[in-house]
Every structure is written in C-alpha cells, then in structure tokens.
Amino acid sequence: MNLKNDAVAFIVANDVLKKHVEMIMHEQVQSGDAVVVKADVNNIEQTGRALVDSGIGAIVARGGTYADLKRDIKSVPVIKIEVSVADILFSLDKAKREYKRIYLILHDSIFFDFDAWKSLLNIQMTVYRYVSVEELKNILNQLEYDDDTVADRAKVIFSYIASGYGIEVDEWNHDGAHIHVMFRTQPKSELSKFISAYKSAGSRLLKKEFPAIRKKLCEKTFWSQSFCLITAGGALIGVIRK
C-alpha cells in the first residue's frame, strides 16, 4: 500500500493494539491517509526516523513511546494521545444527554471502576470488556439497538455537518424507513452538496457504529439515492405541521 504525502502514523506497543487501531482507522489505512506501526521498546527511535524518511506528516503515540519520540524526532509533529478517566466521564455524560441506550466498551487494559461512578453519573448502561479484536467484533455484532437509537445518532451527525453549511435543525423525526427534517438554511447554502455529504458520512459512521445494521440493508446501501426537498417559505411552523 502506498502512503499519501503527509499521512499520519500511529505507533503502538503490541499486536493487539495494532489490530484494534487498524480496525478503527480502517478506511484511513486503506486510503493511505494513515498507517499503524508496532514499535518494540528497543527500536522506537529507529521506527520513528524510518517513518519520517518515508514522508510521513505526523506521528501519534502514547505513554513512554510518545516521550521517546518527542525527544528524538524534531522534523514532524509528534502528537500525544491517551484515554483518561476524565475522557470516559465526559463521553458518558454527553451520551446520557443524547442517547436512550448506552454501551461502554473498554479494552481490558483500561482501568475504570464503573460502580464507583455509577451513582454520581446517574446513568444506566451495559459495560463490556474485551481483550482481542475478535472479542470486540463479537461484542459489536451482538449489541441490541432500535430505530430510535440509530435515528438519534443520525440526528447528531446531521446537526454536526449542517453547522458547516449554515443550516439549523428545527425538528427531526423518523418512521423507521425514512427521516423527516425541518431545517432553516441560508440562500447561499449548497443543499444538494450538503445532503450528499451527510449521506456519505452518515452511512459510513452508522454502519461502523452499528455493525449489525448491515444485515438489514438492501444491497449494502444505507440511503436511497433520492431525497425529497420542499421549501416552506415564510409559513408558520404550526401550518407546516398540519
């Protein structure tokens, strides 16, 4: 596989983490935008310099690997990434406000005493732990979800992308097979471009986050190629609802 110029390299410490990161970054790895490399403790500097010589644009690592690379590599950015208890708590608090059903899936090497935080967070969820990539895949394929859960996530993705096109969501609902969105936009907004971007990102993320949904898709496509767009002008929202 040929890496693109300025691709990002993720350096990990063992094969389990390498497979895990490769699964998460599958599309970026396939496109050449990223590469995942295992570096032994004795060859961290050599691995980093070899990546720099190959034209890599940035290196991402954690722990002692990050510290060694930050000290030895000066020609490209070395970025630190880590998962802390604060990161997990922030994600759980956000999920509690946005989703009805919550799953917490952690690698067995990550310490997190859920029972100690449960009452403080006032949150109900199912907790899974895994060791291998195969265990993670099995967990993802067995997760239960309903239309509301998928629709809630689809709305979050819609709102995120819409903000870049000057679009504001007023109302959102679904009937299982369709979504219905009432939104406000600007005269210069490129609506067809926005809808295309949303369908592309939404399909990729929803199929990635809800793997079991693939079994229900027709010809592996999440969205149909068509959409219906109706302008409402200055009509009152109560009139539109009728």
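Phe10 stands opposite Val60 in strand 3. This pairing belongs to a predicted model. Strand 1 and strand 3 run parallel and are joined by three bridges. On strand 2, strand 1 forms five bridges, again in the parallel sense. Two of the residue pairs there can be named. Val8 faces Ala34 of strand 2, and Ala9 has Val35 as its bridge partner.

These pairings belong to an open sheet of four strands. The strand order is 2-1-3-4, and the pairing is parallel. Strand 2 (34-38) and strand 4 (78-80) form the edges, each pairing on one side only. From one strand to the next, the twist averages 25°. Strand 1 spans residues 8-12. Four of its five residues are buried, so strand 1 is largely enclosed by the rest of the structure.

The sheet is one part of a protein with 10 helices and eight strands. Of the 242 residues, 33% are buried. Contacts between residues at least 6 apart in sequence were also examined, and 55% of them join residues at least 24 apart.

Helix 1 (residues 15-24) lies across strand 1 and strand 2. Its direction makes an angle of about 170° with strand 2. Helix 1 also meets helix 7 (residues 133-142). The two axes come within 9 Å and cross at roughly 40°. From helix 1, the contact involves Val16, Lys19, His20 and Met23. From helix 7, it involves Val133, Leu136, Lys137 and Leu140. By class, the residues of this contact are five nonpolar, one polar and two charged.

Helix 7 has a buried side. Its buried residues are Val133, Leu136, Ile139 and Leu140. These cover an arc of only 120° around the axis, which puts them on the same side of helix 7. Their cover includes helix 1, strand 5 (103-107) and strand 6 (126-130). Val133, Leu136 and Leu140 thus appear both among the buried residues of helix 7 and in its contact with helix 1.

Helix 4 (residues 63-72) was examined in the same way. Thr65, Tyr66, Leu69 and Asp72 are its buried residues. Seen down the axis of helix 4, these residues fall within an arc of 145°, so they line one face of the helix. They pack against strand 1, helix 3 (44-53), strand 3 (58-61) and strand 4. Strand 1, strand 3 and strand 4 are members of the parallel sheet.

Further along the chain, Phe158 is found in helix 8 (residues 147-162). The residue counts as buried because its relative accessibility is 5%, against a cut-off of under 20%. Setting aside neighbours within four places in sequence, Phe158 is in contact with Val169, Trp172, Val181, Phe183, Phe194 and Tyr198. Two of these contacts, Val181 and Phe183, fall within the residue range of strand 8 (179-184). Phe194 and Tyr198 fall within that of helix 9 (191-209). Helix 9 supplies a further point of approach. The C-alpha atoms of Phe158 and Gly202 are separated by 7.6 Å, although the two residues are 44 apart along the chain.

Ser203 is also found in helix 9. With a relative accessible area of 12%, Ser203 is buried. Residues up to four places away in sequence are not counted among its contacts. Beyond these, Ser203 touches Tyr198, Phe222 and Trp223. Tyr198 is therefore a contact shared by Ser203 and Phe158, both of which count as buried under the 20% cut-off.

Ser189 lies in the loop between strand 8 and helix 9. At 15% relative accessibility, Ser189 counts as buried. Its side chain reaches the backbone oxygen of Tyr165 at 2.7 Å. Without neighbours within four places in sequence, the contacts of Ser189 are Tyr165, Gly166 and Ile167. Tyr165 thus appears both in the list of contacts and as the residue whose backbone oxygen the side chain reaches.

Technical notes: Residues are numbered from 1 along each chain as its sequence is written. This is a predicted model: local features need pLDDT of at least 70, side-chain atom pairs count only at pLDDT 80 or more; totals for chains, interfaces and linings use all residues. Side-chain values use heavy atoms; hydrogens and water are left out. Two strands pair if DSSP finds at least two bridges between them. Helices (H or I, at least four residues) and strands (E, at least two) are DSSP runs, numbered from the N terminus. Axes are lines fitted to C-alpha atoms, for helices over the stretch in contact, and angles run from 0 to 180 degrees between N-to-C directions. Contact means heavy atoms within 4.5 Å. Ala, Val, Leu, Ile, Met, Phe, Trp, Tyr, Cys and Pro count as nonpolar, Asp, Glu, Lys and Arg as charged, and the others, Gly among them, as polar. Buried means under 20% relative accessible area, exposed over 50%, partly exposed in between (1.4 Å probe, protein chains only). A polar contact is a pair of N or O atoms within 3.5 Å; within protein, one must be able to donate a hydrogen and the other to accept it, and residues adjacent in sequence count only if both atoms are side-chain atoms. The arc is that of the directions from the helix axis to the C-beta atoms.
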